[in-house]
Each structure stands twice: as C-alpha cells, then as structure tokens.
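Welcome! Please work through the exercises below with the sequence and the model side by side, and try each task before you read its solution.

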Amino acid sequence: MPRPFAFTRRHALRALSAWLAPAALHATAAAGDASEGPAECVIPAKAGGGFALTCALARDALQAVRPARTPLAQRYLPGGIGAVAFDRIASGQLGGPGTLVAFSSGSLLNLAQGRFGPHPPSAVRWIATLGTDYGVVAVHRDSPYRRLQDLIAALRQDTSRIVFGAGGTVGSQDWVKAALLVRAAGGAPKAMRFVSFEGGGDALGALQGKHVDAFPGDAAEALQAIAGGAAVRLLAVLSETRLGGALAGVPTAREQGVDIVWPTVRGVYLSANVPDAAVRAWTTAFAEATAAPGYAALRERHSLYPFALTGAALDDYVQARIKAYQALADELGLRRWKP
C-alpha cells in the first residue's frame, strides 16, 4: 500500500534544503566580509536626535565607498538613552555581525557611572567614530535670554528659575552640561530643575512649545531642528574655539566668560560576541569611508566636525574618556554603580 505521507515528508525536506542553501551561502559570504552583507544600524533613542544622525551618516558614508552594497537599514530601539540597546547587545538578546549600534560621548559617560547595567565597556566592540559634535545652550527664539550671561545671571538669582529640558535623566551628558552651567553660576547642580526626554528631538519639541526654558543639547540636533523651521536661538557652543559653518556666528561659552567645553563624539559599536573577522571587516570599511575624498563634505552635511578613530586608537580613547567621566561624576556628586 502506498505511503503518501512518507513521500510528502521527503519532498518537504528536499524543498526545505533547497530553500536553506542560498541562505547558508549568504551567511557564509557575510561571515567572510560582514560589511558587504545586509546590515542595520540601531538608533537607541527616538527620532530627531544625534543617534539618528549617526546612523544616517554611517549609511551614507558606507554607500559612498561601497555603492553595490545594500544600504544600511535604520532601526529605532529607544530606552534609557542607549541603555536598552547596550544591555540587549551585551546580554546576547540582540546582535550579530550585521548589527551596528550608534553611540556617543553620552554613552561613555553612562558607562562610566555604571548606568548601562552590569556590563563593562568590553561587553561590546568599539568599531569607529565618525566625527564630533559639540554641546550647545539653546533657548526659544522669543526667550528673554539673549546671551549666555543672561542665563547665568538668572541662575545666580534663583537656580530653580530656569527649567532645563534635554535627553536623559540625572547623570546623562545633557544633565551634566546643565549642571556645569549651574555650577558656573555658583549654584548647586542637584537644586536645578531638569525635565528628562528620550532624546534630543523630543526635548527640542518641548523647547519649541515653550514647555522648558533652555536646552543643553548638541549642535547637530539643534541645527537640524532650526533647518526644519524650529524657533530656536543658540546662546553658546561648548567648543574650545569658535567653529565654522553654520555655527560661525555662535560664540563659545569661553568667549562669554563661562569655561565649559563639551565635545560629543559619535560612532558605532558591535557585539563583543561577533567573530574577529567581522570586527576587522567593519573597521576596514569605516576606515575607508572616513578617509574617502568626499567624506569631509558628507560629514559637514550632518553638522559634524573631524574626529575619526578605529581599532586600538579608539579603544584607548574610550578607556581614557571613561576614566575622565568617572572623575567628573565624582566632582558632581553623582552615584556610580559598579558593573
């Protein structure tokens, strides 16, 4: 008597093998050079902030030097200004050779305080920095504060008079920028009023709606909002010297008697569990991308300034910044958790 179910099962297995074969070949190719295969860049915040800008720049830079590759996909994973994404990558819930995650100096600051959970910096592989942004102090265009010194004077009168709004909670890099302003005015950072948002985009929206008084955020996201029609005025940029481009007319905090400098480096990382070959492939890809003749113009279109590191130089930079941020956290009386 015929056994139709046996034949059906055999045919199904053959069909499944035929279907899986191309996928296995593709996986092998991707393992050979992960930077050439389909990949995504995780944006660990909501839309409109610096992490989104980082992933957009990474996509465009890679496409410029490897036009045949599939464009780097963009994926949002908000939560704790990078904490959720870092935890999922470090714990193996998310990751693989095709998953890049955007990071910034704020990410390193959070790591320095142990705010990314029980994970050390070595839980990920630091692949590349694409450029640096700088902190800014911004207000609504109709604000009575027209210079940074006007804001400092108001803080001197009453620290709680100014409502700051930016990405992250107490201890985040935007909170630290606000705390440094309050300290410069002679006040206690923990006495200031600070409204937390899940990224710079939401915070700038609150500033636009006059729900907060000042935005201690980053230049690139503020310039992006201004280009989109936001009624925002920049009081100061937190750079060592006056910058060029769209910020040429914005004085530094130092020029206005407030010695605060805050660069915000932007880059990408991978899971520490990926093969070394994938790390080398991505490192090479970004080294090529940031050294390409057209990269400077591309970086400038994303409102970033030169700062490209890969490999051991980037690892050394990360360690040095984390050490410096730990000292700053202690100065500001912030609690540090051990990973």
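Helices (H or I, at least four residues) and strands (E, at least two) are DSSP runs, numbered from the N terminus. This is a predicted model, in which local features need pLDDT of at least 70 and side-chain atom pairs count only at pLDDT 80 or more, while totals for chains, interfaces and linings use all residues. Residues are numbered from 1 along each chain as its sequence is written, and side-chain values use heavy atoms, with hydrogens and water left out.

**Exercise 1. The whole chain**

Task: Find how many helices and strands the protein chain has, and what share of its residues is buried.

Solution:
- Begin with the elements: the protein chain has eleven helices and nine strands.
- Next, take the box around the C-alpha atoms, which is roughly 95 × 40 × 40 Å along the principal axes.
- Then turn to burial, where buried means under 20% relative accessible area, exposed over 50%, and partly exposed in between (1.4 Å probe, protein chains only). Of the 339 residues in the protein chain, 51% are buried.
- Finish with contacts, meaning heavy atoms within 4.5 Å. Among those between residues at least 6 apart in sequence, 77% join residues at least 24 apart.

**Exercise 2. Rings that meet**

Task: Describe the aromatic pair of Phe 103 and Trp 126, and name the cluster that ring pairs build.

Solution:
- Start from the rule: rings of Phe, Tyr and Trp (its six-membered ring) pair if their centres lie within 6.5 Å; planes under 30 degrees apart count as stacked, over 60 as edge-to-face and the rest as tilted.
- With this rule, the whole structure gives nine aromatic pairs. One of them joins Phe 103 and Trp 126, with 4.9 Å centre to centre and 75° between the planes, which is edge-to-face.
- Now place the two rings: Phe 103 is in strand E3 (residues 99–104) and Trp 126 in strand E4 (residues 124–134), so the pair links distant parts of the chain, 23 residues apart.
- Check their burial: Phe 103 counts as buried because its relative accessibility is 1%, and Trp 126 is buried too, at 8%.
- Last, follow the ring pairs onward: they link Phe 86, Phe 103, Phe 116, Trp 126 and Tyr 269 into a cluster.

**Exercise 3. Two pockets and a cavity**

Task: State the volumes of the largest pocket, the second largest pocket and the largest cavity, and say what lines each of them.

Solution:
- First, the terms. On a 1 Å grid over the protein atoms alone, a cavity is a set of points where a 1.4 Å probe fits but cannot get out, and a pocket is an open set with protein on both sides within 12 Å along at least five of seven lines; lining residues have an atom within 4 Å of a point. Grid points are joined across faces, edges and corners, and a volume is the space filled by probe spheres set on the points.
- For the classes, Ala, Val, Leu, Ile, Met, Phe, Trp, Tyr, Cys and Pro count as nonpolar, Asp, Glu, Lys and Arg as charged, and the others, Gly among them, as polar.
- The largest pocket holds about 260 Å³. It has 13 lining residues, and Leu 180, Val 261, Trp 262, Arg 321 and Leu 328 are the closest to its centre.
- Helix H11 (311–331) gives the most to this lining, with four residues. The classes are ten nonpolar, no polar and three charged residues.
- The second largest pocket has about 170 Å³. Its lining includes Trp 126, Asp 315 and Gln 319, and E4, helix H9 (276–291) and H11 each give two or more residues.
- Here the classes are six nonpolar, four polar and two charged.
- The largest cavity holds about 220 Å³. Of its 20 lining residues, Phe 51, Ile 81, Gln 173, Asp 174 and Gly 200 are the closest to the centre.
- This cavity lining divides into four nonpolar, eleven polar and five charged residues.

**Exercise 4. A residue in a loop**

Task: Is Gln 113 buried or exposed, and which residues is it in contact with?

Solution:
- Locate Gln 113 in the loop between helix H4 (105–112) and E4.
- Gln 113 counts as buried because its relative accessibility is 1%.
- Leaving aside neighbours within four places in sequence, the contacts of Gln 113 are Gly 171, Ala 329, Leu 334, Arg 335, Arg 336 and Trp 337.
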